[in-house]
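Biologist: Please take a close look at one part of this model, the aromatic rings. Walk me through what you find there.

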Amino acid sequence: MPSLPETISITGGLISGTVNKDGDVRIFKGIPFAAPPTGDLRWKAPQPVKPWSGVRSCDAFGASPMQGTPNPFGPWSAEYLIPKEPISEDCLYLNVWTSAKSADKKNTSNRLPVLVWIYGGGFNSGGSGVPIYDGEATAKKGVVFVSINYRVGPFGFFAHPDLTKESGRDASGNYGLMDQIASLQWVKQNIAQFGGDPDNVTIAGQSAGSMSVNCLVASPAARNLFKKAIAESGAGFARPYPKLQQAEETGVKMAQSLGASSLAELRALPAEEILKKAQGRGPIIDGYILPQSIAEIFAANKQNNVALLTGWNQDEGMAFGPPKKADEYRKQIEQQYGPQAQELLQFYPGNTDAEAAASQIHISRDMIFGAQNYTWANIQSKQGNPVYVYRFTRKLPATGEYAHYGAFHTGEVAYAYDNLRFIDRQLRPLEPVDQKLATTMSAYWVNFIKMGNPNGKGLPNWPAYSVDNKRIVSLGSTVTAEPLPDAASLDFLYKQMSKQ
C-alpha cells in the first residue's frame, strides 16, 4: 500500500481516494478544481473552488461537461466515449493517479513527473471519464497522471459583446481554455501533495485536446505552468480561429435564436435548451488567452518554449458524405486550386474512382491534422526546440464495420497510455503485436514525460526531428525510424491553406 496519507489536504479541504487492485496506485476521481460554472458563473472565467468541511470522498468521476448523449459512431465504440451519465454544467473536476510513496516536502528530488491529459471531441464533446483515458498504467510507470474536464460546446466557447464588457479583460469566449489553465494552476499548487513535481509538468492531448495543447503553448496566460507538450493529431496553424468581433457576431445571433435579450436571460435558460439551439465553435483569437493567431504567435517566437512530441495517424481522414467520383473530384480540385490544381493532383491523384476516394480521405487527414502538426514540428526545429515526430500506422484488427477504419483518429491513444485492456475484443480482436506496440509506445511517452526525450534502454531509436532530416518514427506492427514519406505534399498543402 502506498504510504501517502489516507487523507490529502488540497485547495478547498481534505480528500480521500481509493487504491487499485494491485495496491500500488492511489486514485482520486472527481476532485473539484473550480466552482461549478452554473447560474451566474455560466460564461465566466473559472472561479475559486468553494471550501468544504470534513473529508470529501473522491472515488468517482465528476460529471462530463454539458453535451449530447454519447452514442457509438464511425470507428468510435463505447470505450472511446464518455459514460452516458452524469452529464452536467457542473463539470470542473479532475482526477489523479499516483504511485508516489510519499509527498516528501523536504526531499523534492523524489517527486514524480506529472502528465496532464486533455481530451478531444471537436470542442463540442468529450470528458475525462472515457475508459481509454484511464491513468493507472501510466502511474505504475512512475508518472503522476492527471486528467481534467473543461467546458465544451456553447458553454465552453461563446463570445458576446456583453460578456466582453463584463469580463474586465475586453475578451470573451475561451472558457474551455480558461478551465484548462485553471486546472494547470491547481496542479502547480497541489500536485506535490500527491508526490508530483510541479516543476516537471507535461501537457498532452489528442484531436481538440491536441489543439488545446497548441493553444496553451501559444498562450501567455499559461506561462510557467508546464515544460513539455504532447500533441496527438491537432494544431491550429492554417485556417486561423475566428477573431473576437466575428465570434461576438456569432454570439449575438445565437442569443437571438434563444430569444434572450440580456446576459441575465441567457444565464437563466436551461442548459438543455441552449444545447438544442446553439453550437460552440472552439477557440477564439480573443486578445487575452490568444492575443494573436497561433501562426503569428509562433512566427514571432512568443510562445511558451517546450520540448514537443507530436504526430498523426495514417487513416484519420474524415469522410463527410460519400466520396466524389473521379471526374467530379478532379473538377472540384481544378475549381478550388486553379493554377496549382495539377500539382495537387500529383500528390492526391484521382485517375479512378477508387484513387479519388482515397485521395479525398488523405487530403482531409493532411488538412485537418497532418499539415498542422508537421508545421508545428518544423517551427520547433527552426527555433531550436526539441521535437520528436511519429506516424501511427497500426491498422487495428477489427470485425464488421470497424474493419474499414484502419489506423483511425484516436486509435493511438490506448497504445500510448498502455490501455489496450479497455478495448472491446469482440469488435477488435487484438493480436500479440498490439500489446508489444503498446509497451513500446507507452515507454516512449513515459520517457518523454520524464526527460523530454522518448528514447530509452531496449527501445528502437527515435531520432529527433529536424527540418533538414525530417526523420520520424513509424509506429505500426513494426517500429522503425524513417524519413517522413509525404513531406512534399504537406509543404504544398500548407502553403495553399495559408493563402485561404
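Modeller:

**The aromatic cluster**

Phe61, Trp97, Trp117, Tyr133, Phe145 and Tyr417 are joined into a cluster by ring pairs. Keep in mind that the model is predicted. Searching the whole structure gives 21 aromatic pairs. One of them is Phe145 with Tyr417, an edge-to-face pair. Their ring centres lie 6.1 Å apart, and the planes meet at 85°. The edge-to-face label applies because the angle is over 60 degrees.

This pair links distant parts of the chain. Phe145 belongs to strand S8, residues 144-148. Tyr417 lies in the loop between helix H13 (413-416) and helix H14 (432-451). The two residues are 272 residues apart.

Next, solvent exposure. Phe145 has a relative accessibility of 1%, so Phe145 counts as buried. Tyr417 is buried too, with a relative accessible area of 3%. The cut-off for buried is under 20%, and that is why both values qualify.

Other rings carry a charge over them. The charged end of Arg42 sits over the ring of Trp43, at 5.5 Å from the ring centre. Arg56 places its charged end over the ring of Trp52, and here the distance to the centre is 5.3 Å.

To return to the cluster: Phe145 and Tyr417 are both members, and their edge-to-face contact ties strand S8 to the loop between H13 and H14.

Terms used. Residues are numbered from 1 along each chain as its sequence is written. This is a predicted model: local features need pLDDT of at least 70, side-chain atom pairs count only at pLDDT 80 or more; totals for chains, interfaces and linings use all residues. Side-chain values use heavy atoms; hydrogens and water are left out. Rings of Phe, Tyr and Trp (its six-membered ring) pair if their centres lie within 6.5 Å; planes under 30 degrees apart count as stacked, over 60 as edge-to-face and the rest as tilted. Helices (H or I, at least four residues) and strands (E, at least two) are DSSP runs, numbered from the N terminus. Buried means under 20% relative accessible area, exposed over 50%, partly exposed in between (1.4 Å probe, protein chains only). A charge sits over a ring if NZ of Lys or CZ of Arg is within 6 Å of the ring centre and within 35 degrees of the ring normal.
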